[in-house]
Amino acid sequence: MIMLSAVILGVVANSPAATAKPPITPPTVYYLHGKIVEDLGPRGVSPRFGAYDYPGIIEAFRDAGVEVVSEVRPKDTDPHAYADRLVVQIRGQLAAGTPPSRITVVGASKGSVIASLVSTRLNIPGVRYVLLANCNQWLAREMKPKLTGEILSIYEASDEIGGTCKPIVDQSPAVRKFEEIRLETGLGHGLLYRPLKEWIAPAVAWARR
């Protein structure tokens, strides 16, 4: 009986299932929504830009094959405190063995402000960020971000709030990689209210590459 057990264990140990590499886990996307969701809920309606489709955005990311970490923040959330909390959460994920390149923080509008603070404070070269529609002089002056990691900026040419992130990146020597996409949809700041392929697709590609 002892010899038989040893033979069975040997077969199992040398089987293809036992020697196969574990599957690659999908990347994690931390999605940080705009302020209107804090104020009016996950389908809050702007008189100018229409409804913010927070549930649809989460679904679009999941349909693209990424793990999504997101929540509806309380009204008037302090960006600094929330960024600090997120930094602790991401450090915990990294300590548990997740490679930095499998983590992407996607921030839209106020969420982009928070993402820039996370990038500044986390300071892990391989972590990725997608900044949507809130790079401007106010951000540079009031938040004084020093971005780190790998940055993808996406902004709409007709947006009066968010523009190019290049001036901020130029003042951030620890940025390891920077790319920027300038869209011309005519939607202004409303671009980020819906899961449009124009920004969802490059954000997912940034997380998956």
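A crossing of two helices is called right-handed if the near helix is turned clockwise from the far one by less than a right angle, and left-handed if the turn is anticlockwise. Keep that in mind for the tour of this predicted model.

**Stop 1: the whole chain**

Start with everything on screen. There are nine helices and eight strands to find in the chain. The chain has 209 residues, and 47% of them count as buried. Its accessible surface comes to about 10500 Å², with 60% of that belonging to carbon and sulfur atoms. Now think about who touches whom: among contacts with a separation of 6 or more, 73% are between residues 24 or more positions apart.

**Stop 2: helix 4 and helix 9**

Select residues 54-63, which is helix 4, and then add residues 197-208 for helix 9. Two packed helices are described by the angle between their axes and the distance between the axes. Here the angle is about 45° and the axes are 10 Å apart, so helix 4 and helix 9 are oblique to each other. Which hand does the crossing of helix 4 and helix 9 have? It is right-handed. To see the contact, show the side chains of Ile57, Ala60 and Phe61 on helix 4, then Trp199, Ile200, Ala203 and Val204 on helix 9. Sort those contact residues by class and you get seven nonpolar, no polar and no charged.

**Stop 3: Gly190**

Step back from helix 9 into the loop that joins it to strand 8 (175-183), and pick Gly190. Is Gly190 buried or exposed? Gly190 has a relative accessible area of 2%, so it is buried. Now draw a C-alpha to C-alpha distance from Gly190 to Phe49: it comes out at 4.9 Å, though the two are 141 residues apart in sequence.

**Stop 4: helix 5 and helix 6**

Next, select residues 79-95 (helix 5) and 110-122 (helix 6). These two pack at an angle of about 55°, and their axes are 9 Å apart. That makes helix 5 and helix 6 oblique to each other, and their crossing is right-handed. Light up the contact residues: on helix 5, they include Tyr82, Leu86, Val87 and Ile90, and on helix 6 they include Val113, Ile114, Leu117 and Val118. Charged residues take part too, with Asp84 and Arg91 from helix 5, and Lys110 and Arg121 from helix 6. By class, this contact has 11 nonpolar, one polar and four charged residues.

**Stop 5: Lys110**

Stay on helix 6 and click on Lys110. Its relative accessibility is 12%, under the 20% cut-off, so Lys110 counts as buried. What is Lys110 in contact with, leaving aside its neighbours within four places in sequence? The list is His33, Gly34, Lys35, Glu38, Arg73, Asp76, Thr77, Pro79 and Asn134.

**Stop 6: two positive phi values**

Most residues other than glycine have a negative phi. Your last two picks go the other way.

Go to the loop between helix 6 and strand 6 (128-132) and select Asn123. Asn123 is not a glycine, yet its phi is positive, about 55°. With 46% relative accessibility, Asn123 counts as partly exposed.

Then follow the chain past strand 6 into the loop that leads to helix 7 (137-143), and select Ala133. Ala133 also has a positive phi, about 65°, without being a glycine. Where Asn123 is partly exposed, Ala133 counts as buried, at 8% relative accessibility.

Terms used
Residues numbered from 1 in each chain as written. Predicted model: local features only at pLDDT ≥ 70, side-chain atom pairs only at ≥ 80, totals over all residues. Heavy atoms only, no water. Axes fitted to C-alpha atoms, helices over the stretch in contact; angles between N-to-C directions. Helix = DSSP H or I, 4+ residues; strand = E, 2+ residues; numbered from the N terminus. Parallel < 35°, antiparallel > 145°, perpendicular 65-115°, else oblique. Contact = heavy atoms within 4.5 Å. Buried < 20%, exposed > 50% of the residue type's maximum accessible area, 1.4 Å probe, protein only. Areas by Shrake-Rupley, 256 points an atom, 1.4 Å probe, with all protein chains shown as cover.
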